[in-house]
Amino acid sequence: MTRLATGVLITLLVALAGIADGRRDIAGDILKLPSEAYRFFHNGRGGAKVNDDDDSVGTRWAVLLAGSNGFWNYRHQADICHAYQLLRKGGLKDENIIVFMYDDIAFNEENPRPGVIINHPHGDDVYKGVPKDYTGEDVTVENFFAVILGNKTALTGGSGKVVDSGPNDHIFIFYSDHGGPGVLGMPTSRYIYADELINVLKKKHASGNYKSLVFYLEACESGSIFEGLLPEGLNIYATTASNAEESSWGTYCPGEIPGPPPEYSTCLGDLYSIAWMEDSDIHNLRTETLHQQYELVKTRTASYNSYGSHVMQYGDIGLSKNNLFTYLGTNPANDNYTFVDENSLRPASKAVNQRDADLLHFWDKYRKAPEGTPRKAEAQKQFFEAMSHRMHVDHSIKLIGKLLFGIEKGPEILNTVRPAGQPLVDDWGCLKSLVRTFESHCGALSQYGMKHMRSLANICNTGIGKAKMAEASAQACENIPSGPWSSLDKGFSA
């Protein structure tokens, strides 16, 4: 490792020490938030169901997907498990809830409470009872799309459950993971690309097998999945954790107030996700609309417009007048907790950039491990491997831009952001081709490298094709690094 690289890593280690003990912040990575109000989070949680024969709604269906694996991504599966518990208390039946999660967290050797997953520092176990519909290598793009479309013949593995909805039914989809411009992560093989997801939603609409569909999306640059792509008229309402250009945020992380219990070294939830779920946990959802929740979540996620991310809405905005009950049901124990404006729950003292949550985990693990132990050595190795991969991907993309467009023009083209309302790229096939070309020469983008999807899309938008990209990638990357983050063992991202 070069002297410069070593110096950069040491500087980051010192900075992360400040994060872990709550005394220092890295500008742009750790954001301060006002206070906590946990006592509001758990008022009156009962196990009763709503009346499924209510004339105002057909059958409610839900698809919940955590798109990551690895203990450093604990929060994504915790989000999904929390959503499941919320829906069950709202009256949805297991047969109508389809869960995708890698399921490597609850019994992970890193988990200080084996068999338990929590989504709040003082929260109950949200893992108990969660159906294992699609786990491990069955958490795939193809199975996700097949489930939405109700296409059992296209499934590979899993429980076989699909959204077998009819024309009067309502569908709720919640996704939580890493993302990048135009792309959403998956724990196996290729990622979800925006054009493919939109085409699946259009196909579902064309089948006539739902009355309305709501999509809640937690990921960095999640607005880019719908920006300029999701048309009106599909009876689909979507909200996203961030706009098309910014990161989303983890919360209840080491160093926050409230932070996780001291034995944890990872973030417990994501800011947008816990905002909508903790709101839903305490209210009578017959009286709260999608729009009211959107406004509340937008305020909490942006921390009163001082920092955070910008929650967005897309599609048929008129659907937001519907009550949340239509999609989530409601917990009868909350019948007396009617929604009123300005009763939003308080954020934690900080939030962590989604892309830096893994570094925080590795550092906190290193900090807490006894000196001279294998655990301390492992944590140090994991941190340096992650940082080395980041430096490699960042350098490779920048160098490819300069090779293709020149030293001055390269950075300008790679960093171009299209005007609001335009999709990320004109030719999605080109983008996927360039992703594969880059990874063939330089190694996997991984969860961190997804941030560079806009740069690859901009290369496509200038007319550069596979051949020129291959030539530039070969010059930029003499070989694929040996670290685990660059490995192509699980296949390409596209």
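Does C430, at 13% relative accessibility, count as buried or exposed, and why? In this predicted model, C430 counts as buried because its relative accessibility is 13%, and buried is the term for values under 20%. C460 falls into that class as well, since its relative accessibility is 10%.

C430 and C460 are bonded to each other in a disulfide, with 2.2 Å between their sulfur atoms. The torsion about this S-S bond is -100 degrees, and the link is left-handed. C430 belongs to helix 11 (residues 428-442), whereas C460 belongs to helix 13 (residues 453-461), so the bond ties together parts of the chain that stand 30 residues apart in sequence.

A search of the whole structure finds three disulfides, and another of them also involves helix 11, for it joins C442 to C477 with an S to S distance of 2.0 Å. Here the torsion about the S-S bond is about 95 degrees, so the disulfide is right-handed. C442 is placed in helix 11 and C477 in the segment after helix 14 (466-476), so that distant parts of the chain, 35 residues apart, are linked by the pair. Both C442 and C477 are buried.

The disulfide of C253 and C267, whose sulfur atoms are 2.1 Å apart, is right-handed because the torsion about its S-S bond is about 110 degrees. Both cysteines lie in the loop between strand 10 (249-251) and strand 11 (269-270), so the pair ties together parts that are 14 residues apart in sequence. C253 and C267 are both buried. When the bonded cysteines are counted along the chain, the disulfides follow the pattern 1-2, 3-5, 4-6. Two further cysteines may be added to this picture of burial: C81 is buried, with a relative accessible area of 0%, and C220 is likewise buried, with a relative accessible area of 0%.

From the cysteines we turn to enclosed space. Two cavities of 30 Å³ or more are found in a search of the whole structure, and the second largest holds about 30 Å³ of space. Its lining is made up of Y216, T239, Y272, W276, Q293, Y294, V297 and V311. Helix 5 (271-282) and helix 6 (290-301) are the elements that give two or more residues to this lining, and helix 6 gives the most, with three residues. By class, the lining of this second largest cavity has six nonpolar residues and two polar ones, with no charged residues.

Note on methods: Residues numbered from 1 in each chain as written. Predicted model: local features only at pLDDT ≥ 70, side-chain atom pairs only at ≥ 80, totals over all residues. Heavy atoms only, no water. 1 Å grid on protein atoms, 1.4 Å probe; cavity = no way out; pocket = protein on both sides within 12 Å on 5 of 7 lines; lining within 4 Å. Points joined across faces, edges and corners; volume = space filled by probe spheres on them. Helix = DSSP H or I, 4+ residues; strand = E, 2+ residues; numbered from the N terminus. Nonpolar A, V, L, I, M, F, W, Y, C, P; charged D, E, K, R; others polar. Disulfide = S-S within 2.5 Å. Buried < 20%, exposed > 50% of the residue type's maximum accessible area, 1.4 Å probe, protein only.
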